[in-house]
Amino acid sequence: MEGSYDGIESDADLIEWSRGYCRAVRRERAVSVRFDLVDWEVSHRAKRRAAAVKRPKLDGATVGEPFDWDALDGSDGRPLRCTVSLTWEAFESFDRVEWESTLRHELIHVEQYQRDGTTDHGPAFRERAAHLDTDVHCPAFSDPKYVLTCGDCGDLVARRYRDCKLVEQRERYRSNCCGASLELA
């Protein structure tokens, strides 16, 4: 990897360091990813996701079943391109260990997509996450605008970053833990 982690000051630096880290993981942990088919970008708007793999939705694609890229119109037999979108605010909020874990998480998504034409957080993802020593879900890095809790025990029910039906019509919903009404904390 070129450049030091502590020296990341720009989108280009973040992409370069993250891409280098992912290439090292591919070599060290036998991750089957074609980086020539992966684009990289940095988001300064995302609030809920530390990173994401943007990819086309392909009809008939199922995790665990290799996708027939040759049968896809416009494909030359290779997977279609995808984009790893890195969130600057998450990078700034996380320490290096958390950021590296986030990148390994996204590598699993790229690997699944390039093999199966889709990706999810199901059993195959969980198994691969354990092998790559990463989490199934990335940690939160920003405070939600709305926090809904159980009216009886006070347990967290949901975090929402913008107004939605659950927030506006919370009286119509019940918590899973106690079956109680939801409260806006």
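In this predicted model, D116 belongs to helix α3. Its relative accessible area is 0%, so D116 counts as buried. The side chain of D116 does have a polar partner there, namely the side chain of R115, with a polar contact of 2.9 Å. Beyond the residues up to four places away in sequence, D116 touches a continuous run of the chain: A61, T62, V63, G64, E65, P66 and F67.

Stepping back to the whole chain gives a setting for this helix. The protein chain holds 5 helices and 6 strands, and read from the N terminus the elements follow the order α-β-β-β-α-α-α-β-β-α-β. Its C-alpha trace extends over about 55 × 45 × 30 Å along the principal axes. Of the 185 residues in the chain, 42% are buried. Contacts that bridge long stretches of sequence are well represented: among those between residues at least 6 apart in sequence, 66% join residues at least 24 apart.

Turning to the interior, the largest nonpolar core is made up of 38 residues. Within this core, the residues with the most contacts are L14, V38, W40, L86 and W99. Helices and strands both contribute to the core, with two or more residues coming from each of α1 (11-29), β1 (38-43), β2 (51-54), β3 (82-87), α2 (88-93), α3 (96-116) and α4 (123-131). A second core of 6 residues lies apart from the largest one, and includes Y146, A158, V167 and L182.

W99 offers a good view of how parts of the chain meet. With neighbours within four places in sequence left aside, W99 is in contact with Y5, L14, W17, S18, A50, L86, T87, A90, F91 and F94. Two of these partners, L14 and L86, are also listed with W99 among the core residues with the most contacts.

C22 gives another view, this time from helix α1. C22 is buried because its relative accessible area is 2%, under the 20% cut-off. Not counting residues up to four places away in sequence, C22 touches F35, W40, L103 and L107. One of these, W40, is again a residue with the most contacts inside the largest core. C22 can also be placed relative to E106: the two are 84 residues apart in sequence, yet their C-alpha atoms are 9.3 Å apart in space.

The model also contains open and enclosed spaces. The largest pocket has a volume of about 350 Å³. Its lining comprises 19 residues, and those nearest the pocket centre are R48, R49, A50, A51 and C138. Both β2 and α3 provide at least two residues of this lining. By class, the lining of the largest pocket consists of 10 nonpolar, 5 polar and 4 charged residues. A50 links this pocket to the core described above, as A50 is one of the residues nearest the pocket centre and is also in contact with W99.

The second largest pocket encloses about 190 Å³. Its lining is formed by S43, R45, A46, K47, R48, R49, Y161 and R162. Here the classes divide into 2 nonpolar, 1 polar and 5 charged residues. R48 and R49 appear in this lining and in that of the largest pocket.

As for enclosed space, there is 1 cavity of 30 Å³ or more, and the largest cavity holds about 30 Å³. S101, T102, H105, T134, D135, H137, C138 and P139 line this cavity, giving 2 nonpolar, 5 polar and 1 charged residues by class. C138 is worth following in the structure, since C138 lines the cavity and also lies among the residues nearest the centre of the largest pocket.

Finally, two loop residues stand out for their backbone angles. Most residues other than glycine have a negative phi. A30, by contrast, has a positive phi of about 55° although it is not a glycine. A30 sits in the loop between α1 and β1, and its relative accessible area of 61% makes A30 exposed. D133 likewise has a positive phi, near 55°, without being a glycine. D133 lies in the loop between α4 and β4 (146-150). With a relative accessible area of 55%, D133 is exposed.

Conventions: Residues are numbered from 1 along each chain as its sequence is written. This is a predicted model: local features need pLDDT of at least 70, side-chain atom pairs count only at pLDDT 80 or more; totals for chains, interfaces and linings use all residues. Side-chain values use heavy atoms; hydrogens and water are left out. A nonpolar core is a set of buried Ala, Val, Leu, Ile, Met, Phe, Trp, Tyr and Cys residues joined through side-chain atoms within 4.5 Å. Buried means under 20% relative accessible area, exposed over 50%, partly exposed in between (1.4 Å probe, protein chains only). Helices (H or I, at least four residues) and strands (E, at least two) are DSSP runs, numbered from the N terminus. Contact means heavy atoms within 4.5 Å. A polar contact is a pair of N or O atoms within 3.5 Å; within protein, one must be able to donate a hydrogen and the other to accept it, and residues adjacent in sequence count only if both atoms are side-chain atoms. On a 1 Å grid over the protein atoms alone, a cavity is a set of points where a 1.4 Å probe fits but cannot get out, and a pocket is an open set with protein on both sides within 12 Å along at least five of seven lines; lining residues have an atom within 4 Å of a point. Grid points are joined across faces, edges and corners, and a volume is the space filled by probe spheres set on the points. Ala, Val, Leu, Ile, Met, Phe, Trp, Tyr, Cys and Pro count as nonpolar, Asp, Glu, Lys and Arg as charged, and the others, Gly among them, as polar.
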